[in-house]
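Colleague: I would like a close look at one part of this model, the largest nonpolar core. Which residues touch the most other members, and which elements supply it?

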Amino acid sequence: IKAGSYEIARGVTQLQLLRKLTHGDFTQAELAFIEGWTFRQMRERLDAHPDLRHETTGIPEAEIMRLLGAPQVAAEGLFFPDTYLFAKRSSDVELLARAYRAMQRHLEREWSARAAALPYRDPYQALIMASIVEKETGREQDRSLVAAVFVNRLRQGMLLQTDPTVIYGLGENFDGNLRKSDLLADTPYNTYTRAGLPPTPIAMPGLASLRATLHPELSEALYFVARGDGTSHFSHTLPEHRQAVTRYQKGGKP
């Protein structure tokens, strides 16, 4: 007999009930982890789910990673966003382990099929970049171009200068309004003040962002700016980029 939560219909026979119990035909619950979520948001959703057995509530992130067999590894970005089905009263550790293993599988597969000559030392660096791409755009058509801009910047030794990393570095101090002073405040995640990639991912990237990161568009673009309609304008030169900023973010006013 397999442990679980079972739904028994009126009129079920003893033999039908026995088959259900021995086959593990139990009632399932589900939980969705969303692309772009941080590990903190994941934990909040886990803690709030009524059908899970909560074993990680209140324990440090490092202890959670130790339970998953990955001690001394930052949790951010290491879980694959998806909808997970589970038997009611399953452990939240078991669910996190599934999401962790899923990300490892996807990352390993995408890394092995990556484009040539990318500026990433290892899959973890690619994961960091994928998390930035995930936060920079939700538009499918723009992801590989956003990835190309960051690849070009890394190759030329330029600062990445991406707002989502700055916001992540501000943590709970971010009030929803990114100021010029925030861009100047040095943190390990401020890509306006520090060269290269931040030390960890900043969110959970989805499969589309992983693929875009490891197969960027062939482009010489070095800049992009949001048009305000969900799309981005990409530029090859700084003067062109400044014109785009004036047009799309300043209403045409210099």
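Modeller: What follows takes that core, then the helix that contributes to it, and then a second site. The model is predicted.

The largest nonpolar core holds 31 residues. Those that touch the most other members are Phe33, Met42, Met65, Leu68, Phe79, Leu95 and Leu96. At least two residues of this core come from each of strands E1 (28–32) and E3 (83–87), and likewise from each of helices H2 (39–48), H3 (61–67), H4 and H5 (123–136). H4 gives the largest share, nine residues. In soluble globular proteins, nonpolar side chains tend to be buried together.

Met42 shows the packing at one residue. Beyond its neighbours within four places in sequence, Met42 is in contact with Phe33, Trp37, Phe79, Leu96 and Met204. Another core lies apart from this one; it has 19 residues, including Phe150, Val151, Phe224 and Phe234.

As for H4, this helix runs over residues 92–112, 21 residues in total. From first C-alpha to last, H4 reaches 30 Å, close to the 30 Å expected at 1.5 Å a residue. At the start of H4, a side-chain oxygen of Ser91 comes to within 3.0 Å of the backbone nitrogen of Val93.

The second site is Ser144, which is placed in helix H6 (residues 140–156). Ser144 has 17% relative accessibility and therefore counts as buried, the cut-off being under 20%. Leaving out neighbours within four places in sequence, the contacts of Ser144 are Ala212, His215, Pro216 and Glu217.

Methods
Residues numbered from 1 in each chain as written. Predicted model: local features only at pLDDT ≥ 70, side-chain atom pairs only at ≥ 80, totals over all residues. Heavy atoms only, no water. Helix = DSSP H or I, 4+ residues; strand = E, 2+ residues; numbered from the N terminus. Expected span 1.5 Å × (residues − 1). Polar contact = N/O pair within 3.5 Å; in protein donor to acceptor, adjacent residues only side chain to side chain. Core = buried A, V, L, I, M, F, W, Y, C linked by side-chain atoms within 4.5 Å. Buried < 20%, exposed > 50% of the residue type's maximum accessible area, 1.4 Å probe, protein only. Contact = heavy atoms within 4.5 Å.
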